[in-house]
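Dear colleague,

I am passing on the structure below, together with some notes on what turned up when its atoms were analysed. Please read the notes with the coordinates open beside them.

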Amino acid sequence: KRLVLIGPPGSGKGTQSPVIKDEYCLCHLATGDMLRSAVSAKTPLGIKAKEAMDKGELVSDDLVVGIIDEAMKKPSCQKGFILDGFPRTVGQAQKLDEMLERQGVKIDKVLDFAIDDSILEERITGRWIHPASGRSYHTKFAPPKVPGVDDVTGEPLIQRKDDTAAVLKSRLEAFHKQTEPVIDYYSKKGAVAKLNAEKPPKAVTDEIRKVLS
Ligand code: AP5
Ligand code: ZN
């Protein structure tokens, strides 16, 4: 399947992605994860993206469309994919449509992670991630077996630089202004399934399975 995940920061896109990927054999492309590794490797792309990311603003459409265009060429992404955090503007959605049209394929479903803003600060400030794999934990909702350590590799966990209450405010503003219109864009095409992302992780996974079956 070809899926797009849309939701505000902390709504659970990254948490649900590995489950969907395993069960539906898809590739997982998360523009945020790709940009963060470019920033830590100080590549030209990372250098250009860092300032906007630190402020909680969106990186330019050209940069992210370029990353996705390149990443979708991977053989593992030919039969299906999960796009996590892309498209995030109507411009990006239009570019994606053009890319897919050239391949003669289209998006099967857009999963809309609907959640009230008031819940997100606790989710974001309690998150710890394993940067190499993208796995995320939460001090209260999904604690690792040993605090500060990845369950699988034993490597240290870190907090994202943009996971503060102050930067969350700008990220949410960007979401409401620039990304919510993308949900309307896909609604007109009849592709959107709305999820209740306020439920516990397992309940959200069940809702996703229902939508995709
Ligand atoms: P990105 O990395 O995409 O961040 P985001 O959209 O802000 O989303 P998050 O990763 O914060 O949230 P999530 O939904 O994945 O939450 P998670 O599952 O981890 O983007 C970062 C930046 O990169 C952007 O600000 C921008 O600058 C740039 N960027 C990226 N893509 C771009 C694009 N296309 N265009 C332009 N710029 C772009 O969950 C959060 C926490 O909650 C975790 O600790 C988790 O354990 C916990 N949790 C998850 N689900 C539940 C649940 N159901 N109940 C309780 N706890 C839960
Ligand atoms: Zn994420």
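Which residues form a disulfide, and how far apart are their sulfur atoms? In this predicted model, the bond is formed by Cys27 and Cys77, with the sulfur atoms 2.2 Å apart, and the count of disulfides comes to 1. Cys27 lies in strand β2, whereas Cys77 sits in the loop between α4 (61-71) and β3, so the pair ties together parts that are 50 residues apart in sequence. The torsion about the S-S bond of Cys27 and Cys77 is about 120°, so the disulfide is right-handed, and both cysteines are buried.

Strand β2 also belongs to an open sheet of 5 strands, which pair in parallel in the order β2-β3-β1-β4-β7. The edge strands, each pairing on one side only, are β2 (27-30) and β7 (192-196), and neighbouring strands of the sheet are turned against each other by 20° on average, with direction ignored.

At the β7 edge, the parallel pairing with β4 (residues 109-114) runs over 5 bridges, and Leu111 stands opposite Ala193 in β7.

Two helices may be worth inspecting alongside the sheet. Helix α2 (residues 31-40) packs on the sheet by touching β2 and β3 (81-84), and its direction makes about 65° with that of β2. Helix α8 (residues 201-212), for its part, lies across β1 (2-6), β4 and β7, and runs at about 160° to β7.

With best wishes

Conventions. Residues are numbered from 1 along each chain as its sequence is written. Chains are lettered from A and ligands numbered from 1 in the order in which they are written. This is a predicted model: local features need pLDDT of at least 70, side-chain atom pairs count only at pLDDT 80 or more; totals for chains, interfaces and linings use all residues. Side-chain values use heavy atoms; hydrogens and water are left out. Two strands pair if DSSP finds at least two bridges between them. Helices (H or I, at least four residues) and strands (E, at least two) are DSSP runs, numbered from the N terminus. Axes are lines fitted to C-alpha atoms, for helices over the stretch in contact, and angles run from 0 to 180 degrees between N-to-C directions. Contact means heavy atoms within 4.5 Å. A disulfide is a pair of cysteine sulfur atoms within 2.5 Å. Buried means under 20% relative accessible area, exposed over 50%, partly exposed in between (1.4 Å probe, protein chains only).
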